[in-house]
Structure formats: structure tokens, C-alpha cells
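Here is a brisk report on the structure shown below. It starts from a single residue and works outward to whole chains and their interface.

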Amino acid sequence: MPKRTDLKKIMIIGSGPIVIGQACEFDYSGTQACKALREEGYQVVLVNNNPATIMTDPEMAERVYLEPLVPEVVAKIIEKERPDALLSTMGGQTGLNLSVKLAESGVLDKYGVELIGAKLEAIRKAEERELFGESMRRIGLDVVRGSYATDLKGARRIVEEIGLPAIIRPSFTLGGTGGGLAEDMDQFLEAAETGLKLSPISKILVEESVLGWKEYELEVMRDLKDNVVIICSIENFDPMGVHTGDSITVAPAQTLTDKEYHRMRDASLAVIREIGVETGGSNIQFAVHPRTGRMVIIEMNPRVSRSSALASKATGFPIAKMAAKLSVGLTLDEIPNDITRKTPACFEPTIDYVVTKIPRFTFDKFPDTDDLLTIQMKSVGEVMAIGRSFKESLQKALRSLETNRYGLGADGREITDLENLEDKLKRPNSQRLFYIRHALKSGMDEDLISEITYIDPWFISQIKEIVEMEDRLVKVKSQIGLTTDLLRSAKRLGFSDRQIGHLCKMDEIELRKLRKGRGIQPVFKQVDTCAGEFEAHTPYLYSTYEDEDEALPTRRRKVVILGSGPNRIGQGIEFDYCCVQAAFALHEEGYESIMVNSNPETVSTDYDISDRLYFEPLTLEDVLNIVEREKPEGVIVQFGGQTPLKLAIPLHNQGVPIIGTSPEKIDLAEDRERFGKLLHELKIDHPEYGIAYNEKEALAIAAKIGYPVLVRPSYVLGGQSMAIVYDDSVLKNYMKTAIDASLGKAILVDKFLEKASEVDVDAISDGSRVVVGGIMQHIERAGIHSGDSACVMPPLEIPPELMDRMREATRKLALALEVKGLINIQYAIRNNDLFVLEVNPRASRTVPYVSKTIGVSLARLAAKVMIGRTLDELGFTEEPEIKHISVKESVLPFVKFPHVDTLLGPEMKSTGEVIGLDRSYGISMAKAQMSAGNSLPTSGAVAVSLADKDKHHLLLTIRKLEQLGFRLYATTGTRSFLTGHSIKCEPVFKVGEGTPNIVDLIRENRVDMLINTPIGEKSQYDAKAMRRAALTQGIPYVTTTSGALAAVEGIEALLKEELTVTPLQEYFK
Amino acid sequence: MTKPKRQSRRAVLVIEDGRTFQGTSLGATGETVGEVVFNTGMTGYQEILGDPSYDGQIVAMTYPHIGNTGVNATDIESDRIRVAGFVVRECSGRYSSWRATHSLDEYLKEQGIVGIEGIDTRALTLHIREKGAKKGIISTVDFNYESLMNKLFKYPGLVGQDLVKNVTVRKSYIFRPGTEPESPADYYTYTPGRPEQEADTGPEGQENKHYIVAVDCGIKYNIMRIFSYFKCTVIVVPATYSYAEILSLNPDGVFLSNGPGDPQGVPYVVQTVRELLEHQPELPIFGICLGHQIQALALGGRTYKLKFGHRGANHPVMDLATGKIEITTQSHGFAVEGFQDESGTWHITDCDELEVTHLNLNDNTIEGFRHKTRPVFSVQYHPESSPGPHDSWYLFRRFIELIEQRKTAAVGSTA
């Protein structure tokens, strides 16, 4: 069927900020969709409030709206743009839910917008469990027994019928938020109650437990001619009971016979037809009983998903791109397979390697949370690795994770806590693989491990082969003992040089030399969708230890870009954005771009983005292998965050040409001592500091510079293990735990500048000219990690003289560090004094936000500078002036971690960010809050509970609320202060003082906003309960004075001005 | 399920153009010669091993982990392993499936099949893709290159050879499924019929609807399972059966099965089909794979050898009448010659009576045709799947419809 000509303009809704359960996979799918639709000649209107995405680059769509993803705002965009169609399936659950709301509220009908991809009816059938179950039974498919309840009584009735253990799943929540398993009645009632509250429609599903069953996913595509193909099968290593986002998964399915696989395929075809997803990709999940083979359908996602991104990277078949093309009427046989070029897209990819995905967790960021994996997703990122065996891909994936592991153990960083081993095997957790290894090493029977973990015996036996090799290697006594055969066998099982070196008592480089001397080198093979049956034209490569190499490097001028690895808190999509910009830049300059990365969710690992893609771990060994094969002119390490930066010096020492700012200078900026000297020479102030390697030194420094001090290990990103310390005892405690996190490196002890305001400056330098890209003022005061702080551009209240001093300091520092590329400097301002807090001669987290705000891609310019262009040549010689106001707000994952307090501090906790763009600060702030899920109220009641130190500071703000017509509730102390200043407010108890208390008020939806500033650096129990209640109830809450000021300013703006929508392109006309 | 670790023993695969792969022994020890081909299916190794279409061929699996689910008693496609040799990247030491009874290695050993593992199967695949399917030898006993090349030189290869005689049944028999399946996908409910049974001449049971004579050029069990599912009785006859012998069974329809090798190597089957077509213009005939090629030859068409063939379970085929695509299982090294005219219509070379019905979208080879005036059609691929997708079972229904139409017409004419 030819593509539709009745459609001209198509709207795509993105997935918004990165949150747990929805990460950059939707930037990948959205970017593909934009490109695909424009390639077919359609105009694209894009809505997404995440500034760190590639899809929101002004060149990705005709109109890019960085506006809040709420129905009222999107309706305004529809009214303004009048698109012919809305593609509902590209923006994850957010995009889908929003599309449903727009359809149900009649907005789409009103403006004649057609829903394409999945129709409303199909979305409902797939998403609403009752309808889904009915549909499945109609086509004769087995589903998990259970049904819906809208109250506790109903829930109890269901569980009495199906029995315990039972699973509770709230309807319409993201990534399974609020779901849980209950083994007894008490647990069940508690979980049911939480679930009912979390569900926006107060509905929960109660179903029989299929815990421990084998879990599979099939990625299905359908076109308008009803052609249906399976793109990829995925088997979960962790069986049912662990959210698939938190499971180790393997593609293709490993333990199904052809008969079972095709039964699943038949079911998938029937499901997509019955649900009626007309075009595009869907993900269907199955559970299979390991002993009877009973197969039940778990769920279907009628849209592209995290799994479809993984499947696309695993097979080379770009699902989102194809889905976009199918949505406008093209059929699978009309679209060529990008990779083979000669064959069509209507086929089922077959692969000749094994793909393993391992999720990345950050339990260390949330010490109050148990490392326990459940049906609620907790991971913040993932890695994928490709190998010619499961063993190889598993070990490659493990070393891609950057958790300081170099494979399945055997790297000198073994888990020492081995008590209750059986329990650790039984309760799924982020370290389970290592516990399995240990169990095997200690002689536990394979079958027993499989019984305890429910993990398929095939996987356990594969792991055993790895462990057996480890046992053989550890017996090697000399270099001669390490025979070529043994070494080669170990490499084929995925062992890293680091592991083998550790086992055979050699260092990594020594082993590398020995290995190369023996002629054992990896080869690179292509990902080609067809297992070699047809010639592939896209160099999408992975390494393995086989005979034949297919890399065939070109003779072009080329540069390698090292990506940022798995998403984690502190290092996410922003760095992928920079890497992709670098690839664009190299392309524009006629260079071949070679991307190296291990994150399947990203745009950078789309084989369409760079000239060559190496899907490889970002370790010294793996990168050296690529560099030796490709022999590039340069390697870019400054765009991928800490991951490639850590490799800069080791790569440099091996003679790899690092381009841009030199590794020595990058190192200098991280080295407090040398850097302190430099600042002194440049006459730039900085907070007093010292460097400690042990507790005694730390205490001495604190005594010298005075408390409070800010402590952290050097070489960390995202403020990991960073703390503000007010006295000796806390400092002692800190030093005990921090020494481990720092891996033997120094602990930095800085004087903490209380009440200072912080400023971030992003600039670019070509070595002789330095141009500031943007200056951002943090909304939160010093002490809150810059990644968690909201910020505004341009700054609101910094005197011009100070701005100039910052510009001058930035220039001096960039030149002194001989920066070629990007530099980010954090300043603190206190009483008109300027201090440098941190200098990062590399791309910072704020680069995409600044780039969107100023309409210039700083990363792209920087990449061009690195290959020798000057800023003069590039025409970027002056700091851009903007007439609009841009606010960045961070998005926090607390809702996923039930027992964690929601306070901000020096350690970064946010997973993503949103932007609010408008002509005034108030509206920009209101938009940013709306985008971050804290829609500010314009009427109703505000509950206030303030720390004494903040009361005076917030007096005017609270008064403003009263003037704006809000009813106020205040806790005792706060109330007496406010009434003392003739502000009318109603009393409310703190928790434990009586009822109704402030938590009751929040739970009963009688409050529309909460302002609560904490008393000390440690949160109090009742205050925490109050903040958690606000979080659960989804009402905006503010925990800082500056946050309160900003919120009220936003509220005032919402009341006085009209919220309008403007595409990004219009700001820069 | 746990079994003793296999001893790793050296094995070598030598291709006639000299390319050599060093690996370790899989299955039986010894030596085997055949045409080396690759199969891109990720599942279904057990079915592939038993598919008589692979007679004379050393099959290399492109998916690197083979043997993960062991072997079981039901997923067999003929009474024994038919491949000449087996090549895998890695055979699982331990298998996992609730239906499995043996490991792949044990199965190969038990049946005396020589295999090799641990080689770069992707390199082998690309080699075959570039150079075409070639003769090869696997040995675990002789590592002398000259000697192996010599053995290869003596091996005649597949072109023009009659391989059907190796796989066809010696006596006719009726296929009897154990119990009637709900659907052919429900593998666990039925057992395969026993070959070499005496042919039954009369109708039996109330359920039977049609009698189908299947000319066995190397038939797979799943074909018969599907016919049984459609309530047909299948009488399997040797490929050497003459036109008269087939007719004496009074079939409602004739099925020409899949099979190994070159259709030009079995002129006697071509002759039988030619006579059937000549004398029985009303008789529905359905051919697949080798049967499809034989049918084309009988109608005056031509066949040729493909460079490296199609073997796998992901080949897209378009039904030209509906424009719909089916994902098919394929295992053939020869094809029927066809061409596209200026108006874009496809034709079978030298066969004006035929209309092309199916086309391979990967390389535009002919995948199916039907006779313009008679109830005769065929497809190049394996609609019975096993292994592979079930997209093409409708063809069996189509065949049965032709039989029913004919019966209705016959009733109509006598009334």
C-alpha cells in the first residue's frame, strides 16, 4: 500500500523526563519516528519537555514544543498546529496515556486529529486488564487467573478465590509502580490499599502468582495489510517475579524448542490481531510453567517500549522507525531492510550471536532501600553486550555495567558478605549473579541452585562453565603455564584481560601483551539481521574471539567517540546527547564517526547515527581493541561523562591519540592539589579545602577550615557519597564508609559555604578564544547537588559586575587548562564574593539544556573545535543573548523507593530533568513544575510547616499565598509565627500530636500544596511521613525556601498571565 | 538431565576449495562427506536433523548455541537423523526442557552421525554465501589434508544425483496418528505414525474424509500430521510407484512430498507425475519443495541450482493473489526457473499453463505456482513448518478444498 497522502502534518508526543521505567529508549524511538516520517515527506510537530533529548533538537521536527506533557497544554498545541494525525505509540506510557486522554476528552475529534499507530479502542483493550483478559479468552489463550477490585472488600473476595501468594497491580501506573507480591493476608491487605491509592482510577488487579515461571517476551510488528512478523524473542534469566526492566534478559530465547516457540508466536499473532493494533510494534509477555509447559499471556504493550529498543539493537531491525512508516500506511514489503538493502523489511530477523542485557541499579544512592527486586522496577539503566555465546555476552555485559566489576567475579572485587547464601539466591537482588558464582564455587549443586532461584538450569550450567574456567586459570603458576589454548578458551568464555591477569597474577597490560604475543586477538563481526545470509551494508560491530574479522576499517579520516555506558543517576541521557552531537559534527566535517557504547536504550547506539558503531563495553581493553583495529586520528573522551574520562589517562598511556583538552589537563582539574595552585596563580578564590587519605587527616583539615565541611571521594560523578558534615563524629563515620567508595583515592574535604547561591557556567574554547554558552543560576542554595537543583537562565538576580567576573574567571581557567572543547565551571556567590567550586573541562550535564535554551548546539561546536576548527571559523564568537527565560527542574525517583525520604542534599538523586520555556520567569517556572509532575495549584489550600531558621525568610512568600486566595494550614510553631504576623491560617497537628494531622489532611486530598522545610540536616520522622504522603498523593511539595519562593512566583504567574505555547524554533527567529 | 562431560576430541571440516576449519568432535566419531549448507533457524535443530530433504548434506547451524533443549521423542520428522553431518558453534553440555529425554550429542552418537563443533560458523556461512554451497568432509580420524581432499574429489556431489532412493519408503503405508490433535501445534498430544507398515487398502473409521496418496520423496511427519488434523487418510507410497500403481489406490488427491537433492536426478518421478497430469486432468495434486520442482519439470519447466540455497525459517514469501506475506520454512538448493515480463507479471519459464502464485521477496525466486485450468498447485517452501512458522498451513486447506470441489462436482454430474 502506498503511504497516505491525506496526512500532511503529524504530531508525536515524547515521553518526557527520564524516570525509572521510562528512559532514553523513548528518545531513540522518538528520534527514529521523527526521521522516518520526515523522510517520507510529512511535517512533524513534536511535543516533549525533556531538553536532554536528541528528538527535541530543532532540526528533528518542523515544530518542536518543549512544553509540559499535560492534556490542557498539548490541546493548546493541537489548536495552534492543527496536525492531521497523532502518533500515539512513540512516547512510552506517558505518550500513550496522554493520547488516550486527548482522545477521550474530545480534543482530537474537535480538531479533526486522527489517532494513528494504535487506535483508542486497541489501547484500551491492551491496557485495561479486564478487557485484555476477555479478549484473550475469546481467542482461546490462557491468562493468569484473577480480577479487578476497586475497594478492599472486593480485593479480599478475589484473593479468597484464587489463593495466596497473589500479585497486586494498580491500573494505569508507570513501570508497575505500586505493584507487589503478598504471601499472607496482612501483606495482601496492605499492598491492596497502597495499590488502590496509587492507581489514578483507584483500581487494582489481584491475580494468581506465577512466580518462578519462565518469562518470555516477543516483539511483534503488524502493518495495515495485516502482515505480522516477530522481530525478536527475549528470554528472562530472572524468572517471573522480577520486573522485566530489572531482569537480566537474553535474546533470542534459549530454552524453547521450536514447537514451544511457535506456539508463542502463534499466540502473539492472534493477540496483536485481536487487540487490533493496526500498525507498528507491540511487546507481548508470556510466562511458561517450567515443568508442565503451561503458557499464559502476561501482558501486551501496544507501543514501542524499552524491550523494543533492546530488540532493535539486538537484531539490527529498527522497530520504531518501521512502526512510524507503517503508521502512515506503508507495508512491510514496501520498506527495504536498511542493513541488507536488497531484501525487504517483511521478514523475521535471525541472529547468530547471543545478546545479554543487564540492568544497572543505584541502591547505593538510597541507603534506606532494600536491594530486593520485585515486580516494581527499580533499575535506572541497562547495558547490552553481544557475544558468540551466552557466556561471552554475559561477561561482556557485566564489565559494561561499570560497577567496578570486570566480568563474573575473578576480578579481585569479590562479595565478602556471604552469610545466608541460600537466602540471597532466593531473594532476587542486584548481586544475584555473583552469589550464584559463589554458590557454584563452594560446590553447591547446579540443580539445587536452579531450584532455589527458579533460574533455568541451562543458564546455571553456562555460568558453571565460566566458574570452571576460573578454577583452571587460578591454578596457573607461570606465563608458560598459561598455555595458548587455555588463554584462548578463557577469552572465548568472555574473560577480560583484567580477570585473567588477576587470576594469573599479572596486571592487565602485561596480560594484554602476552595475549597479543600469542596471537590471540578479538575479531569483529557484524550485526546483520540475517545471520550472514545476505551481505550487510551497515558496519554495526561487536567483538568476539573467532577466526574471521569483518570490521574492514576504511581509509577515511576518522574519529572515535566514546559513549557514556549505562544510564545511572548522575550520568544519563545528557551525555548521550553530547555524543550524538559529536557524531553529527564529524559527519558535517567529512570525518568518519565511530561510536563505541554499551547502552541499548540510546540514540548513540542507533547504527544510523554514526558511520560505524561498535557495541562494546567501555573498558580499557575493549576500547584499545577497537582503536588498534580502526587507527583513528583521534578519540573523543570528553562527551560521555565519567565513563570515558576515566579511560583518558590509561588510553593516553597506551599511545591512543585523545583529542580536545589533553588528558593531563583533565586530570589537573580533578587533582585538588595541583588545581589549587593553579587557582592561586590565577587569583581566583575557592573554598578552603584539604585532601585526606584517612580519618585523622580528615579531622585535622576540618579543624583547620572549620565546620560545616563538604566531603566526597575524588573522581565521582553525581555527588556519589558526597555529604555535608557538621561535626567530628559524623565525619568519623563518613570516613569509615567513604574509603571504600573512593577505591583508594583521596577524600576531598571542602569548606561548605552555607547559604551561598550557586551558578553553573558552560563555555567552549578552541584554545585561544573562550565563549560562554550560558550562565545558569541555581534556584536551590548551595548544599543541594547541582543535578538536583532547579536553575534558571539567564540568572535573575546576579549583579552584572559579578557576571563579568565569572566570565573573566571562566576565560582564564579555560585558557590555563588549554581547553579544546567544552568546560563547565560551578561557582558559588556569597556576599558578593565569587568562589570556584568545581571545574570540569568536559561536557557537563547541562550542555543539552543550555543548547536548547540558546538555540546553539554547544556539543556539536565543541566536536568541531576538537578536530581543529576555530570558533571564528565556526562563527561562534559571542555569548548568545536570549530574550526568553528558561527554567530547568529535576525529576526525582522517590516514588519508586517506598521508605526513602524525599529531601535533597549534596548527593544527586534525580533521574531526569524538564525544561520550562517562556517569556517570563513565573510562567517558565510554572511550566517546569507542571512538566516535573508538580503542577502548581491556582486555588485551594496550602499546608505549611517551616523550620525556625526559614520562617522570616518565607514570610512574604506565605503572605503572597494568602493574598492570592489560598487557604493556609500550619503546624503549631509555624502557625503562631504566621498569626503573629497577621497571616490567617488554620491549625493542623503534626504526626503524633493528634488527629486530624497533616498527613491525614494530605491523604484526604484537602491540601493542594505542601511547603515543608526541614529542621536540620537529618530528616525527622513526622516530616518524612508528611513528605511521603504528599508524594504518594501526587500533590506538589517544596522542601527548600528558594523552592517555595519559585513556586509562589509560578502560581502568581499562572493566575495573572495566560499560559501559551511556543515552538522552540520561534524563540530563535 | 546432568550428564558426564564430553571428551573433547579433535575434528576437522575441509571444504572442496581448500578452506579448513579446526574444531572438536560432536556426535559420532568417523568421517562424513556431503554438500555443506547453512541453516539460519534459531530453533528446530531436532526437526532439521530428521528432515529427509537434508540427505547428502552437512548442515551448519548459524545460531551459535545448539542443543539447549536436548532432544525429545515427539519432535521428529522421520524415523531417523537424515543429515550427512552436523556443524555447530557450540553444543550445550546440559540441556533444559521438560520434554527432553537425551542430549543432542547422545542423539547424534546413537545414530552414528558425525559432527563438528567449536568452529567459526559465521565464517563458514559467509564462505558459503560468497562461494556457493560446496562439497565438504568432516573427519575425526583423518587429519591429512591431501587425503581428505582426495576423498572429497571422489564424492560426486548432489547435481544430477538421485538422492530420493536413499530416503523414500520401500513399501507403502498408512500414516496413523496416535490420537487426533486439536491443532497440529499441540505437539504433546500425538505421536508419529510408524513407517514400513503394510498399506491399508480400504476406508476405515467414520472420521475419514479424503484419501490422499503421498509420493514419498522424503516426506516429513508433520505433513501427515496436518493431513490427519484435517481428517484425511494419508497413504504414503514409494517414489518409484508408477502412475498405474498410484491410480489403483483411487486417491482423492495426490501429494508430492519434499525431498533431497536435484529434481533432475529423479526422472522416474517426473515421468509418473507427467502421466498423472496427462491422464487425470481432474485429480488435485499438491507439491512442495522437491515435489514442486518435479511438478514444474513434468509440465515442461526447468530447474536450476541456487548458489547456496534457502535454508531457514524466516523467508518472506508473498502470495501474489492477496499481496499478503507469509514467513516460511525453507530447505532447498534448487529452484524452478521463472521470469518477470515487461508488465511485471511473473511466469514459469516454458510453462504457459502455469501461473506464478508465490514469490520469494528476498531474491525474487519462484515460490509457488498453480495450473491455470487444473486443480494442480505447488510451493517451493515447507508449509508444514516443523520447524518454523505456521503461516502457511492454509495451503493444506486449499488442497482439501480442491478435493472437495471435485467431489461436489462429481456428485453434481452424476445426480
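## Backbone outliers in chain A

A:Asn1005 is exposed, because just 12 other C-beta atoms lie within 10 Å, and a residue with 12 or fewer counts as exposed. The model is predicted. Phi of A:Asn1005 is positive, about 60 degrees, although the residue is not a glycine. A:Asn1005 sits in the loop between helix 35 (998-1003) and strand 38 (1009-1012) of chain A.

A:Lys631 also has a positive phi, near 50 degrees, and is a residue other than glycine. Its loop runs between helix 21 (620-630) and strand 22 (634-636) of chain A. A:Lys631 is exposed, with 11 other C-beta atoms within 10 Å.

Next come the cis peptide bonds. One joins A:Tyr707 and A:Pro708, with omega about -10 degrees. A:Pro708 belongs to the loop between helix 25 (695-705) and strand 25 (709-713) of chain A. Another cis bond leads from A:Met793 to A:Pro794, with omega near -10 degrees. A:Pro794 lies in the loop between strand 30 (791-793) and helix 27 (800-816) of chain A.

A:Glu414 is another loop residue, found between helix 12 (390-400) and helix 13 (421-426) of chain A. A:Glu414 is partly exposed, with 13 other C-beta atoms within 10 Å. From A:Glu414 to A:Ala1044 the sequence separation is 630 residues, and the C-alpha to C-alpha distance is 46 Å.

## A helix crossing in chain A

How do helix 31 and helix 37 of chain A cross, and at roughly what angle? The axes of helix 31 (residues 921-931) and helix 37 (residues 1041-1056) of chain A come within 7 Å and cross at roughly 105 degrees. The two helices are therefore roughly perpendicular to each other. On helix 31 of chain A, the contact is made by A:Tyr921, A:Gly922, A:Ile923, A:Met925, A:Ala926 and A:Gln929. Helix 37 of chain A answers with A:Ala1046, A:Ala1047, A:Glu1049, A:Gly1050, A:Glu1052, A:Ala1053 and A:Leu1054. By class, these contact residues divide into 8 nonpolar, 3 polar and 2 charged.

## The ten-stranded sheet of chain B

In chain B, 10 strands form an open sheet with mixed pairing. Their order is 10-12-11-13-14-21-20-19-15-16. Strand 10 (173-174) and strand 16 (324-336) of chain B stand at the edges. Each has a single partner strand, so one side of each is left without a neighbour in the sheet.

Strand 10 of chain B runs antiparallel to strand 12 (residues 232-238) of chain B, and 2 bridges join them. The bridge partner of B:Tyr173 in strand 12 of chain B is B:Val236. Helix 9 (residues 290-298) of chain B packs on this sheet. That helix touches strand 13 (253-256), strand 14 (285-288), strand 15 (303-319), strand 16 and strand 21 (376-379) of chain B. The direction of helix 9 of chain B makes about 120 degrees with that of strand 14 of chain B.

## Where the chains meet

How many residues of each chain take part in the contact between chain A and chain B? The count is 45 residues of chain A in contact with 43 residues of chain B. Helix 9 (258-275) and helix 16 (457-474) of chain A each supply at least two residues of the chain A side. Helix 9 of chain A gives the largest share of that side, 7 residues. By class, the side of chain A that touches chain B has 16 nonpolar, 11 polar and 18 charged residues.

## The chains as wholes

The table sets out the two chains.

| Chain | Helices and strands | Extent along principal axes | Buried residues |
|---|---|---|---|
| Chain A | 38 helices, 39 strands | about 80 × 70 × 65 Å | 62% of 1069 residues |
| Chain B | 10 helices, 21 strands | roughly 70 × 50 × 35 Å | 58% of 415 residues |

Chain A has a radius of gyration of 28 Å, close to the 31 Å that the globule rule gives for 1069 residues, so it is as compact as a globular protein of that length. For chain B the radius of gyration is 21 Å, close to the 22 Å from the globule rule for 415 residues, so it is as compact as a globular protein of that length.

Contact range completes the picture. Of the contacts in chain A with a separation of 6 or more, 71% are between residues 24 or more positions apart. In chain B, such residues account for 76% of the contacts with a separation of 6 or more.

Terms used
Residues are numbered from 1 along each chain as its sequence is written. Chains are lettered from A and ligands numbered from 1 in the order in which they are written. This is a predicted model: local features need pLDDT of at least 70, side-chain atom pairs count only at pLDDT 80 or more; totals for chains, interfaces and linings use all residues. Axes are lines fitted to C-alpha atoms, for helices over the stretch in contact, and angles run from 0 to 180 degrees between N-to-C directions. Helices (H or I, at least four residues) and strands (E, at least two) are DSSP runs, numbered from the N terminus. Angles under 35 degrees count as roughly parallel, over 145 as roughly antiparallel, 65 to 115 as roughly perpendicular and the rest as oblique. Two residues are in contact if their C-beta atoms, placed from the backbone, lie within 7 Å. Ala, Val, Leu, Ile, Met, Phe, Trp, Tyr, Cys and Pro count as nonpolar, Asp, Glu, Lys and Arg as charged, and the others, Gly among them, as polar. Two strands pair if DSSP finds at least two bridges between them. The radius of gyration is taken over C-alpha atoms; the globule rule is 2.2 Å times the number of residues to the power 0.38. A residue is buried if 20 or more other C-beta atoms lie within 10 Å of its own, exposed if 12 or fewer, and partly exposed in between; C-beta atoms are placed from the backbone.
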